[in-house]
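Student: I have a structure open here and would like to talk about the empty space inside. Could we go through that slowly?

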Amino acid sequence: MKNNFIKYTAAFLMASFTLMSCNNKDNDLEVTAMVDFSGTFVMKDQMGRPAVNTVFVSSGKKDEFNATIPSEQNAKFQSMFEANLKGLSPAFANSGDKNALGQDAAAFTGLLATDVLNVTLDGKTTFYDGTNVLTGRALADDVITVELLLIFGGEDFKENPTLSDDNVDGNDKDFLTSFPYLASPW
Amino acid sequence: MKKSKILLGTVIVAIIGLITIAADHIDAPSTTGTSADITDFYAFQGEDTDNLVFVASVQGLLSPTATGTASFDENVLVEFNIDTNGDNVEDLVIQAIPRDGKMYFFGPVGPSSTGKNSSISTMSSITGEVAITPYGNTAITATNSAGMKMFAGPRDDPFFMDFARYTDIVVNGTETSFRTEGQDTFAGSNVLSIVVEVPKSMVGTSGTINTWVEAKVKQ
């Protein structure tokens with residue numbers, strides 16, 4: 001009698017497991033309904049373009065920048081970005097001085113202070129490849145050298161050559177041509 | 001005992017803080033060393049040029065020996081934000097959150113509210129999940145019925161930079177130029193990455209989108 005109870009219980013449990021796993025395959029929503037996703041999640045870190053917080057935000061303001069949504073960043077931080085840019089690269093303080101994109105300090109920091117990545121849906125996606133400017137960010141893009149060139153390289157990318165390239169041009173492992181694109185871990 | 005541990009932790013965080021790093025790695029005091037520290041963000045056209053790929057990584061500078069025990073935090077939501085009309089406010093989000101060895105995805109979907117606080121869009125018509133690839137295993141990927149590909153797990157840090165020299169020049173003032181042959185500060189280190197590839201038709205037809213990633217912590 002006791003044995004039968006165990007048998008039937010086991011059979012019942014197995015049947016429900018089988019039913020559940022069928023369900024799993026049929027419908028993602030059924031699965032997620034069984035998992036707890038409740039609650040409120042509050043912004044702690046954020047990023048659009050590489051190195052923006054690190055380079056342009058003063059040390060006492062970095063947490064505040066991370067807690068500010070992009071649509072409010074320009075009003076709060078553009079003037080700080082401009083002051084820090086002129087501190088880093090004093091040529092920008094001269095009236096009329098521009099980077100190779102034709103931007104003076106106000107225009108350049110006006111772009112950067114809203115920390116979002118612009119991505120085209122129409123073709124090549126690259127941070128900068130000599131032709132396309134800010135159409136995305138691919139894994140192999142040498143974004144730091146591009147940023148250094150825009151900060152230190154002047155109107156023709158030729159000023160301050162020892163500051164405008166870190167001379168690390170690629171990753172330490174090859175990227176994959178197919179999904180998931182990133183190289184396997186060390 | 002407890003107090004000294006906390007103190008030691010503070011000292012370690014302070015030391016790492018001094019090295020202030022990189023693309024977004026340990027970019028600010030309150031995220032540094034936490035499971036919500038975004039290291040990097042990429043968005044690019046996929047191998048199939050009808051698709052867009054979003055990559056976000058957290059928990060940077062993992063040594064190979066530390067990678068096996070590193071894990072995504074179930075209290076940290078990684079949210080890809082997509083602005084399709086140029087006002088820098090998200091019109092769509094793709095949310096990724098781990099539960100019990102799997103990474104769950106919701107969206108692209110219009111968020112229930114924009115801004116600093118999020119709830120998870122479990123009612124999204126587009127959802128998916130993928131087993132988190134354990135360290136040392138071949139990448140586990142999944143594709144959902146909407147044609148969205150998903151991956152989550154440890155990867156080589158794709159970022160490269162002579163960050164040590166940059167710090168000496170800009171922060172410490174001990175050097176005045178880069179090396180003629182730079183040294184990649186991130187060589188040999190790993191991150192925890194989330195990669196999602198979506199048909200472009202899910203986010204728009206043409207033109208430019210603005211996108212950014214947020215790490216959001218459960219309250």
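Student: How do the residues lining the second largest cavity divide into nonpolar, polar and charged?

Tutor: In this predicted model, that lining has 9 nonpolar residues, no polar and 1 charged, where Ala, Val, Leu, Ile, Met, Phe, Trp, Tyr, Cys and Pro count as nonpolar, Asp, Glu, Lys and Arg as charged, and the others, Gly among them, as polar. Residues are numbered from 1 along each chain as its sequence is written, chains are lettered from A in the order in which they are written, and totals for linings use all residues.

Student: Which residues line the second largest cavity?

Tutor: Among them are A:V55, A:L88, A:E147, B:M161 and B:Y166, and α7(A) gives the most, with 5 residues; helices here are DSSP runs (H or I, at least four residues), numbered from the N terminus.

Student: And what counts as a cavity?

Tutor: On a 1 Å grid over the protein atoms alone, a cavity is a set of points where a 1.4 Å probe fits but cannot get out, and lining residues have an atom within 4 Å of a point.

Student: How much space lies in the second largest cavity, and how much in the largest?

Tutor: The second largest holds about 70 Å³ and the largest about 120 Å³, a volume being the space filled by probe spheres set on the points, which are joined across faces, edges and corners.

Student: Which residues are closest to the centre of the largest cavity?

Tutor: Of its 16 lining residues, those are A:F108, A:F127, A:L134, A:V146 and A:L150, and the lining divides into 14 nonpolar, no polar and 2 charged.

Definitions and conventions. Predicted model: local features only at pLDDT ≥ 70, side-chain atom pairs only at ≥ 80, totals over all residues. Heavy atoms only, no water. 1 Å grid on protein atoms, 1.4 Å probe; cavity = no way out; pocket = protein on both sides within 12 Å on 5 of 7 lines; lining within 4 Å. Helix = DSSP H or I, 4+ residues; strand = E, 2+ residues; numbered from the N terminus.
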